[in-house]
Each structure stands twice: as structure tokens, then as C-alpha cells.
Amino acid sequence: MGKIIAITNRKGKVGKSTTAVNLAIAFAYSGKKTLLVDLDSAGSCAKAFGFKKQALANDIFTSSKPEVSFRKAIVKTGTKKLEFIYIKRLPYLDEMKVGGISANEHILESTLKPVSANYDYVIVDCPPYHAGTINASLIVADSVLIPVALGMFSADAVRSVLDQIDEIKENYNPDLNIDGILLTIYEYNNVDSFTLKKDLFKKYPKLVFNTSIPKSSAVTEALDENKPLLIYKPDDRAAKAYIKVADELFERKNLFNSKRKT
């Protein structure tokens, strides 16, 4: 069964989709068969590969056999060992309620979990605002990665994500883990960036990745060219940083597995 990683932050403009796309490519470059799932209605992952989301959009959950439709909607990306699916929308999902989560938020679990057996990794790009879709992603995920960009509002959003993860763990997915907090659009030699990093390390010392994704004009250029950064400019420092983050994830997985065996 492939590991399902949800990329999420309730705050937008933190490099969430860029992280999902380039981590998926980094995994594929490492020989890991990977599926990238775009759940964001903006279709940023689709655009990064030059796909038109209108052409890819499949309302798979209107099918009597959504698991079959799911498999048929998966497309090749042109990168060896990396496949992609853009999901137009999940069935209507209520926001999280005090009394629990809407039952239909388990529908992604029933379709994605069986498909994940065909991959080493499944990367899920969550939308920034729709709590119902984020809940559905966390219910099916094995772990969560939280991108955080400069700005205290974005840092405060980490606490909101962690609270949401705690709710899911307690009631729906007790095995859900946190891969880490990833600093993105990071400006070295910037006092505010350093303060944010220091604050996050102080609050969550075991969760912050050692690698930060530096701010780079190549990220915007790649988006404008409808290409993933790792393909558009693989020697860029931000691209190289994503390779390092993938390596950190592999190391953390190996460490976790070794601890479980002892």
C-alpha cells in the first residue's frame, strides 16, 4: 500500500501546490512510483503540467462505480513513474461540525485507498479553504505535510491545521502522522524570515524540516511557462531544496520504520 501524503494549510499563497508538484517529481526521480492528486478547484497542479483542467475534469463521483472512474481518470505526466489525476469536485461536503464529520467525507477514502496500492507514494494537494475536502483528505491520508510562508497569519494557520489533525486522529484516523512543517518562499538574511523560523522551531522543534524552500523568481517563471520547477529549471536553488526535502522524508520514513521494529 502506497503512502498517502496530504499537503495542506488553511492559508493560501504558501506554496502548497508548488510543493505538491515538485515533491511528487522528486519522488519519481528517486524511482518511486507516484500519483499526484489535485483536489484544489483552482487546478494549480494541472496547470503546472500544462494540462487544461477543463479537459481533465471528471465528475467521477456521479458514477455508479467511482473507483473504476477514478482509475480511468488518471493520466501520464511525461515524467517517468509520475501519474496525475485532477478531481473536479468531491460530493458536497459539510464544514466540520461539533457533532462530527459528514459521512460522505469518507468517499475519497473508499476510492483513493484501493488505488494507492499501485503506487509507492500518493501526494494530495488540498484546497486552502474548504474544510470538508481537507477533512476527506486527512481521513484517507497516512501523513500530513504543512507548508508555511513568511507572515505570522500563515504561522498561526499551523495551529489551526494541527487542531484539525487532532480532531481527525481522535475520531476517524488514529494512525495519521505529521511529516513536518516546511518553510517555503524563505528569504535568507531576512530578519522576519529568521524570526518566523525561530518561532516555529521553538513551538514545534520536532516538526520543522531542516531544509527550507528559498524564495526564487524561477518558481514564478515556471508557473508562467506551465512547467514544474524541477523540470523548468532543475539547477535552481529552490528546485534543489525540494530534492533535499524528499530526501528528508525518506530518512524520516526509514527512522520511523526502524523504531517500529524495535
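At what angle do helix H5 and helix H6 pack, and how far apart are their axes? Hold that question for a moment while the model is introduced.

This is a predicted model. The protein has 262 residues, and 53% of them count as buried. Its secondary structure comes to 11 helices and seven strands. Contacts reach far along the chain. Among those between residues at least 6 apart in sequence, 77% join residues at least 24 apart.

Now the helix pair. Two packed helices are described by the angle between their axes and the distance between the axes. H5 covers residues 107-116 and H6 covers residues 131-140. They pack at an angle of about 45°, and their axes lie 9 Å apart. Angles that are neither roughly parallel, roughly antiparallel nor roughly perpendicular count as oblique, so H5 is oblique to H6. The crossing of the two helices is right-handed. On the H5 side, Leu-108, Glu-109, Leu-112 and Lys-113 make the contact. On the H6 side, Ala-136, Ser-137, Ile-139 and Val-140 do so. By character, the residues of this contact are five nonpolar, one polar and two charged.

Turn next to the sheet. Strands of a sheet pair through backbone hydrogen bonds, either parallel or antiparallel. Here the sheet is open, and its seven strands show mixed pairing. Read across it, and the order is S3-S4-S2-S5-S1-S6-S7. Strand S3 (75-76) and strand S7 (177-183) are the edges, and each pairs on one side only.

Follow strand S6, residues 143-148. In the strand order it sits between S1 and S7. Strand S1 (residues 3-7) pairs with S6 in the parallel sense, over three bridges. Within that pairing, Ile-5 stands opposite Ser-143 of S6. S6 and S7 also run parallel, joined by six bridges. Ser-143 appears again here, opposite Asn-177 in S7. Val-148 of S6 has Leu-183 of S7 as its bridge partner.

How many residues of S6 are buried? Six of the six are, so the strand is largely enclosed by the rest of the structure. In a regular strand the side chains alternate between the two faces of the sheet. Both faces of S6 are covered. Ser-143, Leu-145 and Pro-147 are buried on one side. Val-144, Ile-146 and Val-148 are buried on the other. What about S7, at the edge of the sheet? S7 is mostly covered too, with five of its seven residues buried.

One residue outside the sheet closes the tour. Ser-193 lies in helix H8, residues 191-203. Is Ser-193 buried or exposed? Buried means under 20% relative accessible area. The value for Ser-193 is 1%, so this serine counts as buried. Which residues does Ser-193 touch, leaving aside its neighbours within four places in sequence? Ser-193 is in contact with Leu-150, Tyr-186 and Glu-187.

Conventions. Residues numbered from 1 in each chain as written. Predicted model: local features only at pLDDT ≥ 70, side-chain atom pairs only at ≥ 80, totals over all residues. Heavy atoms only, no water. Pairing = 2+ DSSP bridges. Helix = DSSP H or I, 4+ residues; strand = E, 2+ residues; numbered from the N terminus. Axes fitted to C-alpha atoms, helices over the stretch in contact; angles between N-to-C directions. Parallel < 35°, antiparallel > 145°, perpendicular 65-115°, else oblique. Left-handed = near helix turned anticlockwise from the far one by under 90°. Contact = heavy atoms within 4.5 Å. Nonpolar A, V, L, I, M, F, W, Y, C, P; charged D, E, K, R; others polar. Buried < 20%, exposed > 50% of the residue type's maximum accessible area, 1.4 Å probe, protein only.
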